[in-house]
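I opened a fresh page for this structure and mean to note down what I looked up, entry by entry. The sequence and the coordinates come before the notes.

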Amino acid sequence: MNWLITLVTVALLLQVVLFIMGRRIRKREKENSIIEKYKINSRQRAWQLLGDTSIPEEDREKIRVLYEGEESEEDS
């Protein structure tokens with residue numbers, strides 16, 4: 001019986017650790033992803049963001065590349 005309780009406890013702790021790590025990874029990806037950061041789900045949304053002057057210029061450049069479907073020279 002003690003082995004069963006130990007096994008269930010270890011499995012529960014593993015699930016909690018994986019959950020917390022997953023949230024941290026998603027949060028980090030969201031901070032770095034332009035699509036997630038500005039919730040871009042269509043070309044129309046990208047076009048609207050291109051005209052928004054409150055968005056930093058470097059983010060607008062990344063959005064423009066996404067909108068036009070170009071690959072940057074760094075990716076090549």
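**Entry 1, a charged network.** I began with Glu61, Arg64 and Glu68, which are linked in a network of salt bridges, a salt bridge being a side-chain nitrogen of Lys or Arg within 4 Å of a carboxyl oxygen of Asp or Glu. I note that this is a predicted model, in which local features need pLDDT of at least 70 and side-chain atom pairs count only at pLDDT 80 or more, while totals for chains, interfaces and linings use all residues. Residues are numbered from 1 along each chain as its sequence is written, and side-chain values use heavy atoms, with hydrogens and water left out.

In the network, the closest N and O atoms of Glu61 and Arg64 are 2.5 Å apart, and the side chains of Glu68 and Arg64 meet at 2.6 Å, N to O. Glu61 and Arg64 both lie in helix H4, three residues apart, about one turn of the helix, whereas Glu68 and Arg64 are four residues apart in H4, again about one turn. I took helices as DSSP runs of H or I with at least four residues and strands as runs of E with at least two, numbered from the N terminus.

I then checked accessibility, where buried means under 20% relative accessible area, exposed over 50% and partly exposed in between, with a 1.4 Å probe and protein chains only. Glu61 is partly exposed at 36%, Arg64 counts as partly exposed at 24%, and Glu68 is partly exposed at 41%.

**Entry 2, another pair in H4.** How many salt bridges does the structure hold? I found four, and one of them joins the side chains of Glu57 and Arg60 at 2.5 Å, N to O. Glu57 and Arg60 both lie in H4, three residues apart, yet Glu57 is exposed at 51% and Arg60 is buried at 18%. As a general note, side chains of opposite charge can pair when their charged atoms come close.

**Entry 3, Asp59.** Is Asp59 buried or exposed? Asp59, which lies in helix H4 (residues 57–68), is buried, with a relative accessible area of 5%. Its side chain and that of Tyr38 are joined by a polar contact of 2.7 Å, meaning a pair of N or O atoms within 3.5 Å, of which, within protein, one must be able to donate a hydrogen and the other to accept it, and residues adjacent in sequence count only if both atoms are side-chain atoms. Leaving aside neighbours within four places in sequence, I listed Ile34, Lys37 and Tyr38 as being in contact with Asp59, contact meaning heavy atoms within 4.5 Å.

**Entry 4, the core.** The largest nonpolar core has eight residues, among them Ile34, Tyr38, Ile40 and Ile63; such a core is a set of buried Ala, Val, Leu, Ile, Met, Phe, Trp, Tyr and Cys residues joined through side-chain atoms within 4.5 Å. Helix H2 (34–38), helix H3 (43–50) and H4 are the elements that give two or more residues to this core.

**Entry 5, Lys39.** Lys39 lies in the loop between H2 and H3, and I noted its positive phi of about 50° although it is not a glycine. Lys39 is exposed, with a relative accessible area of 57%.
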